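Reader: I should like to learn how to read the interface between two domains of one chain. Could you take me through an example?

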Amino acid sequence: MNIHEYQAKEILAKFNVPVQQGVVVNNGDEAAGAYETLGSELAVVKAQVHAGGRGKGGGVKLVRSAQEAKEVAETILSKPLVTPQTTAEGVPVHKLLVCPGADIEKEYYVGMVVDRALGPVIMASTEGGIEIEEVAKNTPEKILKEPVDPGLGLQAFQARRLAFGLGFGKDQLGVVCQIMQGLAKAFLETDCALMEINPLITTKTGEVLALDAKIGFDDNASFRHPMYAELHDSTQENETELKAAELHLSYVKLDGNIGCMVNGAGLAMATMDIIKQAGGEPANFLDVGGGVSEKRVTEAFKIILSDPNVEAVLVNIFGGIVQCDVVAQGVIEAVKAVQLSVPLVVRLEGTNVEKGRQIFADSDLPIITATGMLEAANKVVEAAKGGAS
């Protein structure tokens, strides 16, 4: 679960990380009032959305008067914000953060993620203000890393090593180490999947501040933090994805035209890859999980078909705990229930696969069957073009 910048700053502040303060507003008049309250000649109006690249999309603007703050706020709030990290439709903007202008001397990046090999890792770079993915791609040597023991946290010597590696001197060493250790503590105690300060800045007077912040919580740990439900902003999420989550289906909308229904995340990823190999584009990632039932398959079909871009559907099921004949019967009943109007290709493998295939063969439904994944992908891509049978 992602949260907004102003919420992330509130959390970091609780862990002794110095953050740039601001005023959260909902409309132009409040933005004008916030400008007056801050008392700074230069202020920044920032869209509060769950997406990076806000500046590139026009969601971060400098203002020099209360009237300008009002006008800029009304413009940003008037339409969805499109950034390099959103879809073409963009995301709605309902809140803004108005902050005082900062006299920036230098920008840095500090963030923390979970590395599959090392566990929690804190990263730092002198290339602040730039997306860390770009830094990793173009100048990976500029990213410093320290593994963090979940039981011990980031140790003082590790924080100092990062601070010195970033070029900080002894005058700023204490506060930088405080920020590093505070971020690591916040990451571990709040069960985060991602935590970033980008940029972390030094001002011309020597102050060190978190100018921006981004936090994503690990959904698997949400039961430990019921209070985080109050931070959730459903307007920033795809409605279909929210509905799928309520039904305990793992669904992510994509931009293609081939609907996918698969059991198992790994198989789902492989299915999308092989659809692309066959010349198609997947319309979604959808993992129905290990316990495939008629009801779950029916709901999955409804979700897939709610996307008007879907021109064909591929069902790729490996029958393990759930047997293929049970899956086949569930697919047939689900197809009847949703009155499927686009071509359907089904590939089954695993326990009782022959029984499952026979069930499809005996049905009166126009279901296209396949035995291999590449065959299934080729058939569904052709069907989407109107040429398969």
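Reader: Into which domains is the protein chain divided?

Author: A domain assignment splits a chain into parts, and a part may be made of separate segments. In this predicted model, domain 1 comprises 1-20 + 103-236, domain 2 covers 22-101, and domain 3 spans 239-387.

Reader: How many residues do domain 1 and domain 2 each bring to their contact?

Author: One begins with the placement of the two parts and then turns to the residues that touch. The centres of domain 1 and domain 2, taken over C-alpha atoms, are 23 Å apart. Domain 1 contributes 15 residues to the contact and domain 2 contributes 18 residues.

Reader: What area is buried between domain 1 and domain 2, and which residues of domain 1 supply the most?

Author: Buried area is the accessible area that two parts lose on being put together. Here it amounts to about 1400 Å², with carbon and sulfur atoms giving 44%. On the side of domain 1, Y6, Q20 and Q236 account for 42% of the area buried against domain 2, more than any other three residues.

Reader: Which polar interactions link domain 1 and domain 2?

Author: One counts salt bridges and polar contacts in turn. Three salt bridges are found between domain 1 and domain 2. In one salt bridge, the side chains of D212 and R54 meet at 2.9 Å, N to O. Nine residue pairs are in polar contact across this interface.

Reader: What is the make-up of the side of domain 1 that touches domain 2?

Author: By class, that side has seven charged, five polar and three nonpolar residues. Helix α1 (residues 5-14) gives the most to it, with three residues.

Definitions and conventions
Residues numbered from 1 in each chain as written. Predicted model: local features only at pLDDT ≥ 70, side-chain atom pairs only at ≥ 80, totals over all residues. Heavy atoms only, no water. Domains from an automatic or database assignment. Contact = heavy atoms within 4.5 Å. Buried area = accessible area lost by both parts, 1.4 Å probe. Salt bridge = Lys/Arg side-chain N within 4 Å of Asp/Glu carboxyl O. Polar contact = N/O pair within 3.5 Å; in protein donor to acceptor, adjacent residues only side chain to side chain. Helix = DSSP H or I, 4+ residues; strand = E, 2+ residues; numbered from the N terminus. Nonpolar A, V, L, I, M, F, W, Y, C, P; charged D, E, K, R; others polar.
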